[in-house]
Amino acid sequence: MKYSLDKFQNEAVVTKDKNVLVVAAPGSGKTTVIINRVNHLVINKNISNGNIIVITFTKAAAKNMKNRYESTFNRSSSPFFGTFHGLFYKILLRIGRKIDILESKIANKLINNVLTKYFDDINEDKIKEVMNNISLYKTSRVKINEFKPSISREIFEDALEIYETYKKENDKMDFDDLAIETLNLLEQNKNALLYYRKLFKYILVDEFQDCDELQVDFLKLINEGEENSLFAVGDEDQCIYSFRGSKPMYMVTFDKIFKEGKKHYLSINYRSKKNIVDKSKELIKFNKERNNKEILFNKKNEGRIKFFTPYNEKFQGDILAELIKNEKQYNIDYKENAVLYRTNMESMSIIDVLTKNHIPFRLLDRQYNFFEHFICKDLISYLKLAMNQFDRESFLKVINKPFRYISKSNLDYIRQYKFEETPFDILTNKDDTPHFQKKKLDDLKRDFNYLNKVSLGSAISYIVTDLEYIDYLKNYSEKFNQNLDDLEDVIEEFKLSAEGFKNIFEFLAHIEEVKEEIESSKNKHEQDGVNLSTIHGVKGMEFKNVYIINCNEDTLPHSSSKNENIEEERRLFYVGITRAIDNLCVFSPRNRRGNLKDISRFVSEAGFDRLPKDTYGYEAGNEIVHKTYGKGEIDVINDDKITIKFNDGVDRSFSLKVLVENNLIQKQ
């Protein structure tokens with residue numbers, strides 16, 4: 001043998017059980033087990049390559065696994081390594097089915113066209129949510145009146161009808177259709193079923209916890225043959241794709257779903273240091289829908305785990321930047337660091353602070369720019385118009401947000417007006433503009449002049465309240481059944497991004513800089529940069545240093561899931577923790593988007609709040625400024641007690657936690 005396996009891995013590789021579920025702890029070597037199982041079947045059991053099917057969930061993972069198999073065991077040929085969809089494609093081609101897969105850009109355009117009937121602003125997330133709902137409905141095999149979409153039923157059914165009609169009229173298929181047609185073929189054609197049972201004698205499935213209903217049904221159909229064997233590997237504690245139809249119960253009840261099913265356990269985590277493994281175990285034991293398994297550590301030394309409760313997201317970002325810069329001083333590459341969050345919108349505060357500190361970054365899952373959100377675009381247009389009242393584009397974008405009775409014909413008149421005048425003056429000087437409207441326009445023009453005379457934060461607040469942009473959002477939320485709190489969160493995030501800038505000009509320049517940094521990050525995958533990602537986006541990855549931000553109630557766990565799907569939210573946090581190899585930092589800001597926030601329950605469950613008190617980046621000798629007592633130098637920090645020698649000659653002691661969480665102290 002050209003490999004060394006631990007006792008758990010070896011037992012799984014050589015098992016004689018007909019149907020096997022290998023429950024694999026994070027970092028326990030599941031890919032190693034799969035390729036060794038294939039080698040065992042070929043060499044020791046004399047199974048032909050053609051009778052072995054290895055399924056994983058992405059083309060990249062399948063290609064990587066195939067290459068590892070061939071290089072490890074010096075093979076010039078190998079079994080089928082691919083995805084479920086790739087396998088279904090081959091099955092349907094064999095019976096002569098003409099297959100023309102609908103391009104994703106066309107699918108997105110179809111959904112976009114539907115959504116424009118319901119929303120002013122269409123973004124990638126909305127389109128993705130509709131597409132996920134369509135896929136979930138199709139793979140669930142339930143009647144449409146039994147399906148519960150996460151979007152309004154009216155929008156869902158409208159989108160579904162247009163999407164399916166287009167495919168039918170243009171003879172197109174999507175990946176779910178491949179699965180549905182393959183299942184229909186096997187269920188309705190006994191000869192075809194017997195043929196594939198004879199051909200697919202040994203099926204191995206990676207990431208089994210991510211299987212949806214259709215995929216499990218396919219495996220059950222094939223597996224009912226007397227000579228068929230299933231070898232599935234996965235971890236229900238990492239089942240985080242319920243929005244795609246995956247369910248942890250398939251792993252928990254594996255021995256009931258598949259005849260003669262047996263469970264084997266890969267128990268040793270080779271990735272993370274001892275205390276990181278211990279914290280992850282403390283957390284995940286709170287879940288009920290899971291296999292009762294032992295998870296052991298291989299690395300006996302302990303990593304650095306820190307828990308921070310900064311005053312707000314700005315302080316969170318400052319601490320984070322300081323920690324990453326400190327790592328760089330010890331020649332740790334930026335790419336060894338990963339900043340993880342629950343939702344893409346949270347990346348903005350981190351992108352801001354990294355840009356200001358000239359720290360390069362890479363967005364792993366996609367190039368998300370918070371400032372492209374329609375609310376941000378509106379607020380930016382307001383600010384641009386304040387700086388330049390000749391800016392017709394900005395005027396046209398916001399003049400009726402809220403509605404100010406400027407007619408479509410008047411908007412067209414402004415677009416086509418040939419002379420260099422402000423839009424305010426164009427309408428005021430127009431003969432048929434009513435007197436009351438001229439006065440309103442004059443008042444509004446004065447309001448925009450006022451925006452240039454106040455601080456940036458005050459200007460944004462004035463736009464939202466005095467210029468009544470919030471009324472536009474209230475109407476928008478009622479019209480399109482949107483959560484107003486979510487829309488207000490965007491405003492608060494925008495305000496946070498504006499903190500620290502003296503005026504509108506500086507802030508708009510920063511927005512352009514962020515845009516350029518995000519664009520350049522697309523080309524940095526081979527360069528050094530801090531990894532930024534949602535937790536969903538790093539499943540299967542590992543990093544030396546992991547920073548999980550915004551660990552607060554309503555964020556992680558998310559408000560949309562914590563009542564109905566708290567166990568999946570906990571699994572998400574578990575996945576985040578178990579990406580860390582050496583060091584882990586967890587952040588729970590006490591204020592988020594202007595509101596006091598509770599620390600996430602997961603922090604307590606994992607025991608992060610019981611760690612030794614952190615000094616928040618402060619140490620003896622630091623020069624500081626206290627809001628009340630002015631400048632001074634830290635003399636001693638002992639647990640939570642800090643003593644400061646102030647320039648007035650008086651030594652004063654405080655709770656460091658109180659100082660930091662109430663924004664009473666800053667480094668000079």
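# Cores and rings in a predicted model

Student: Which residues have the most contacts inside the largest nonpolar core?

Tutor: Keep in mind that this is a predicted model. The largest nonpolar core has 95 residues. The ones with the most contacts inside that core are Phe371, Phe494 and Leu532.

Student: And which helix gives the most to this core?

Tutor: Look along residues 374–387. That stretch puts nine residues into the core, and its name is helix H16.

Student: Which residues is Leu532 in contact with, leaving aside neighbours within four places in sequence?

Tutor: Start from Leu532, one of the residues with the most contacts inside the core. Its contacts include Arg362 and Asp365. Also among them are Val339, Tyr341, Ile350, Ile351, Leu354, Phe361, Leu363 and Leu364.

Student: How many residues are in the other core, the one with Ile55 and Leu214?

Tutor: That core lies apart from the one with Leu532. Tyr250 and Met251 are among its members too. Its count is 37 residues.

Student: Let's move to the rings. How many aromatic pairs are there?

Tutor: Ring centres have to lie within 6.5 Å to make a pair. By that rule the count is 35 aromatic pairs.

Student: Is the pair of Phe254 and Phe258 stacked, edge-to-face or tilted?

Tutor: The ring centres of Phe254 and Phe258 are 5.0 Å apart, and the planes stand at 35°. Under 30 degrees would count as stacked and over 60 as edge-to-face. An angle of 35° fits neither, so the pair is tilted.

Student: Are Phe254 and Phe258 buried or exposed?

Tutor: Buried means under 20% relative accessible area. Phe254 has 0%, and Phe258 has 1%. So Phe254 is buried, and Phe258 is also buried.

Student: What kind of pair do Phe395 and Phe424 make?

Tutor: Their ring centres are 5.2 Å apart, with the planes at 85°. Since planes over 60 degrees apart count that way, the pair is edge-to-face.

Student: How many residues apart in sequence are the parts that this pair ties together?

Tutor: Phe395 sits in helix H17 (residues 392–398), while Phe424 sits in helix H19 (residues 423–428). The rings therefore link parts of the chain whose separation in sequence is 29 residues.

Student: Which residues form one aromatic cluster with Phe395 and Phe424?

Tutor: Phe395 is buried at 0% relative accessibility, and Phe424 is buried at 1%. The cluster they belong to also holds Phe374, Tyr382, Phe448, Tyr469, Tyr472 and Tyr476.

Student: Which lysine lies over the face of Tyr618?

Tutor: For a charge to sit over a ring, NZ of Lys has to be within 6 Å of the ring centre. Over Tyr618 the distance is 5.6 Å, and the residue is Lys667.

Student: Now for Gln316. Is that residue buried or exposed?

Tutor: Gln316 lies in helix H14 (residues 313–329). Its relative accessible area is 0%, so Gln316 is buried.

Student: What does Gln316 touch, not counting residues up to four places away in sequence?

Tutor: Its partners include Pro310. The others are Ile549, Asn550, Phe587 and Pro589.

Student: Last one: what is the radius of gyration of the chain?

Tutor: The chain has 668 residues, and a compact globule with that many would come out near 26 Å. The value for the chain agrees with that, at 29 Å.

Conventions. Residues are numbered from 1 along each chain as its sequence is written. This is a predicted model: local features need pLDDT of at least 70, side-chain atom pairs count only at pLDDT 80 or more; totals for chains, interfaces and linings use all residues. Side-chain values use heavy atoms; hydrogens and water are left out. A nonpolar core is a set of buried Ala, Val, Leu, Ile, Met, Phe, Trp, Tyr and Cys residues joined through side-chain atoms within 4.5 Å. Buried means under 20% relative accessible area, exposed over 50%, partly exposed in between (1.4 Å probe, protein chains only). Helices (H or I, at least four residues) and strands (E, at least two) are DSSP runs, numbered from the N terminus. Contact means heavy atoms within 4.5 Å. Rings of Phe, Tyr and Trp (its six-membered ring) pair if their centres lie within 6.5 Å; planes under 30 degrees apart count as stacked, over 60 as edge-to-face and the rest as tilted. A charge sits over a ring if NZ of Lys or CZ of Arg is within 6 Å of the ring centre and within 35 degrees of the ring normal. The radius of gyration is taken over C-alpha atoms; the globule rule is 2.2 Å times the number of residues to the power 0.38.
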